[in-house]
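Subject: Structure handover

Hello,

Here is the structure we discussed, with notes on what turned up in it. Please read them with the coordinates open.

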Amino acid sequence: WSSAVCSSDLSTARPPLQTDRLPHYVRTIVDLTERMRSGWQEGEIDLGHEMTLLTLEVIAQALFSMPLGGRGVRIAAVTQTLLKLNTKLGGALEDVQTFDHANRELSDIAQEIIDEHAAHPSNDSLLSVLVAAEREGVMSKEQLRQEVRTFILAGHVTTAQSLACAFWLLAQHPELEQKVWDEVNSVIGGRSPGLEDISRLRFCEGIVLETLRLYPPVWVFGRHATRAVALGDYTIPAPREW
């Protein structure tokens with residue numbers, strides 16, 4: 001949450017974030033996962049790409065109460081560009097222009113989601129809370145767009161990368177993959193998993209934690225100046241609007 005949202009009336013923001021909504025979110029995740037898995041064919045698939053599309057759709061359905069549709073592929077492409085160029089120190093003019101174009105594209109997608117919500121509003125989503133905060137003057141239209149951008153990026157990329165890494169590691173250790181299957185079959189069997197199953201999947205939890213230890217998805221932070229700053233003979237310019 002931004003400082004503006006945190007300083008607002010939090011009773012408005014609480015409903016979508018209450019623990020009693022967790023079963024609903026788990027059902028959303030399971031339904032979307034099973035839908036994606038049903039479309040897979042025998043052979044090799046790009047799990048990094050698939051997990052990106054899955055986690056993006058989860059964010060859209062859980063927090064925005066709307067499907068992404070073709071926007072998922074657009075966001076995935078933008079994310080790859082931003083991740084690739086964000087870790088560079090400086091860069092050629094072409095890289096800077098590509099980075100700025102990707103940021104503008106993400107802002108455009110965020111605005112599309114806001115506009116779609118305005119046309120078909122939902123009363124219980126996190127997006128409805130943000131839109132209400134903007135309408136009440138708690139945040140500006142630009143900050144609303146930035147908040148949606150943040151939820152899109154931060155809500156999917158770390159989870160997608162961690163899942164892809166976990167599957168990659170399990171593929172190299174078939175004996176551990178079998179232990180995962182054994183635990184899942186023992187705890188869940190042939191039914192769909194629910195919130196109550198999470199605490200019983202201890203070995204699966206260990207796989208996730210070890211993946212995060214070995215390959216943390218957030219290992220570097222990008223920063224930009226809030227205003228022009230002089231460092232010796234160099235000037236860091238004020239940030240541009242995206």
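Read from the N terminus, the protein runs α-α-α-α-α-α-α-α-α-α-β-β, that is, ten helices and two strands. Please keep in mind that this is a predicted model.

Some overall values come next. The protein has 242 residues, of which 35% count as buried. The exposed surface comes to about 15,100 Å², and carbon and sulfur atoms supply 57% of it. Among contacts with a separation of 6 or more, 61% are between residues 24 or more positions apart.

On the nonpolar cores:

The largest nonpolar core has 28 residues, and the members that touch the most others are Phe64, Ile113, Leu127, Leu144, Val148 and Ile152. Two or more residues of this core come from each of α4 (47-64), α5 (71-86), α6 (93-119), α7 (126-135) and α8 (141-172). The biggest contribution is that of α6, with seven residues. Val148 is a useful residue to centre the view on. Neighbours within four places in sequence aside, Val148 contacts Phe64, Ala110, Ile114, Leu127 and Leu130. Another core lies apart from the largest one; it has seven residues, including Leu170, Val180, Leu201 and Ile207.

On the aromatic residues:

There is one aromatic pair in the structure. The ring centres of Trp168 and Tyr215 are 5.6 Å apart and the ring planes stand at 70°; because planes over 60 degrees apart count as edge-to-face, the pair falls in that class. Trp168 belongs to helix α8, while Tyr215 sits in the loop between α10 (202-214) and β1 (229-231), so the pair ties together parts 47 residues apart in sequence. Is this pair made of buried or exposed residues? Neither label applies to Trp168, which is partly exposed at 44% relative accessibility. Tyr215 is partly exposed too, with a relative accessible area of 37%.

On the backbone, one residue to look at:

Ser65 has a phi near 55°, which is a positive value in a residue other than glycine. Ser65 is located in the loop between α4 and α5. With a relative accessible area of 35%, Ser65 counts as partly exposed, because that value lies between the 20% limit for buried and the 50% limit for exposed.

Regards

Conventions:
Residues numbered from 1 in each chain as written. Predicted model: local features only at pLDDT ≥ 70, side-chain atom pairs only at ≥ 80, totals over all residues. Heavy atoms only, no water. Core = buried A, V, L, I, M, F, W, Y, C linked by side-chain atoms within 4.5 Å. Buried < 20%, exposed > 50% of the residue type's maximum accessible area, 1.4 Å probe, protein only. Helix = DSSP H or I, 4+ residues; strand = E, 2+ residues; numbered from the N terminus. Contact = heavy atoms within 4.5 Å. Phe/Tyr/Trp six-rings, centres within 6.5 Å; stacked < 30°, edge-to-face > 60°. Areas by Shrake-Rupley, 256 points an atom, 1.4 Å probe, with all protein chains shown as cover.
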